[in-house]
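Me: I would like to go through the reasoning behind some descriptions of this structure, one label at a time. Please set each value against the criterion it depends on.

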Amino acid sequence: MRRIFRQSSVALIVFVFSLILAGVGACGQSASSTALQAAPTQTPKMAEQVFKNIQVLKGVPADQVIPAMQFIAASLGVECEFCHVRNAFEKDDKDEKVTARKMMQMMFTANKETFEGKREVTCYTCHRGSTDPVGTPVIFESEPKPATEVAAVPSENLPKADQLIDKYVETLGGKDAILKITSRVEKGTLIAGEMKAPVDVYAKAPDRRIAIVHMPGGDSSTAFDGHVGWLSAPGRPAREMSAAETDNVRMDAELFFATDLKQLFHSFRVRSQEKINDRDAYVVFAFNEGKPPVKLYFDAQSGLLVRLMRYVDTPLGSNPTQIDFADYRDAGGVKVPYRWTIARPSGRFTIQIEELHQNVPVDDSKFVMPPPPPVAAGQKSP
Ligand code: HEC
Ligand code: HEC
């Protein structure tokens, strides 16, 4: 059963970059159009105002419900249908949904009463990607392999964050070369398991970006227009992202990410050295107040950024995203990653760039969210 679910989730990835749209789109017209109307500057709507049958997550901003659901699905290793009736998310027909409500309450109580209100226990703490948590220690068939050894570097011997960032900028080609780039247009292929689809990425300084995946059923876009992030998928109205999601696409859209890095975050701390694909990398935590830290992994030898880890906070736990950068090549005096892999608990995909042009004119209209289609009477959401 679970295998079948997993395979269908690969198909889902092609749908959208962030899988978030898949969730909201599936909730039907009412939820997605409400999300569309909510401009980020307005007071956010609460879950119980937007959704029909919220009993536990009352008082949580509505745009955090779907990320929280993704957190649950990842924690239990299931798809939405494990608890929900398709296209009727408000229904309580499945016992699993009713149990999940009790579990949320149990989790909130444990954190409140045992952990001074800190979110120490989450669904994942017990479930670890399974619906059936194991309560008894396991006896392994063979000796477990020791974790890949990383020479423990005493923290005072680690380089300073400033040095790592400066080296990164230098290795890319230096500040002057980076700041000469006004736009970047890339053509490539998205690879998700067996699936391949052509991708176009347009970026314009300082922070506009759109990635368009051309699928058999139509185009799917992830964009930041300089102010807000938005998503679109075939057959669904485009929608604005939540504040937390927007933070993330804004980061992707920063054409001068390397040179602006010190301004983009409040403070940095080098925490450790880790192995990525058998190479040493320094891990730099980048902090902004009230937000989960972003982890930057710099290759110890080349100085290049090889991994970025970021988290979207939800009422139940954090959803991680890992982006690995590879195949750095020179483009007009600046090194650019020609390949990146975006991985989440629900799956991963890789984008391989085949063609790249810089400093070509890109019209601002490219980044603007298409208006919602006029609502025709009797129209049903797909
Ligand atoms: C393990 C069970 C479980 C899984 C898996 C799960 N949900 Fe939920 N979902 C719930 C529960 C429980 C509620 C009700 C929360 C409450 O009462 O506060 C809910 C509520 C919702 C609602 C609000 C419905 C309404 O109108 O009241 C939506 C939408 C939703 N889920 C979407 C999803 C999506 C999309 C996924 C897959 C990414 C998903 N859920 C996965 C248990 C689950
Ligand atoms: C303290 C540990 C713990 C935490 C935290 C926890 N669970 Fe559970 N959960 C369990 C155990 C143990 C079972 C199995 C109970 C049984 O076998 O009857 C279970 C069962 C379930 C089931 C029923 C699975 C099935 O196959 O029918 C659902 C759904 C579920 N949990 C959802 C959640 C969600 C959602 C969260 C987070 C909000 C969560 N759990 C947090 C321990 C936990």
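Me: What makes up the shell around ligand 2 by class, in nonpolar, polar and charged residues?

Reply: In this predicted model, the shell around ligand 2 divides into 11 nonpolar, four polar and two charged residues. The count rests on 17 residues that surround the ligand, each with its C-beta atom within 6 Å of it, and the closest include Ala100, Met103 and Cys123.

Me: Which helix gives the most to the shell around ligand 2?

Reply: That is α6, with six residues; α5 (65–76), α6 (95–114) and α7 (123–127) each supply at least two.

Me: How do you know that the reach of α8 is close to what is expected?

Reply: Helix α8 (residues 161–172) has 12 residues, and the expected span is 1.5 Å times one less than that number. This gives 16 Å, against which the model reaches 17 Å from the first C-alpha to the last.

Me: Why are the buried residues of α8 said to be on the same side?

Reply: Ala161, Leu164, Ile165, Tyr168 and Leu172 are buried, a label that needs 20 or more other C-beta atoms within 10 Å. They cover an arc of only 95° around the axis, and therefore lie on the same side of α8. The face turned away from that buried side carries Asp162 and Glu170, which are exposed.

Me: What makes β11 and β12 a pair?

Reply: Pairing requires at least two bridges, and nine join β11 (residues 318–331) to β12 (residues 334–344), so the antiparallel strands satisfy the criterion. They form a hairpin with two residues between them, and Gly332 in the turn has a positive phi of about 60°.

Note on methods. Residues are numbered from 1 along each chain as its sequence is written. Chains are lettered from A and ligands numbered from 1 in the order in which they are written. This is a predicted model: local features need pLDDT of at least 70, side-chain atom pairs count only at pLDDT 80 or more; totals for chains, interfaces and linings use all residues. Helices (H or I, at least four residues) and strands (E, at least two) are DSSP runs, numbered from the N terminus. Ala, Val, Leu, Ile, Met, Phe, Trp, Tyr, Cys and Pro count as nonpolar, Asp, Glu, Lys and Arg as charged, and the others, Gly among them, as polar. A residue is buried if 20 or more other C-beta atoms lie within 10 Å of its own, exposed if 12 or fewer, and partly exposed in between; C-beta atoms are placed from the backbone. The arc is that of the directions from the helix axis to the C-beta atoms.
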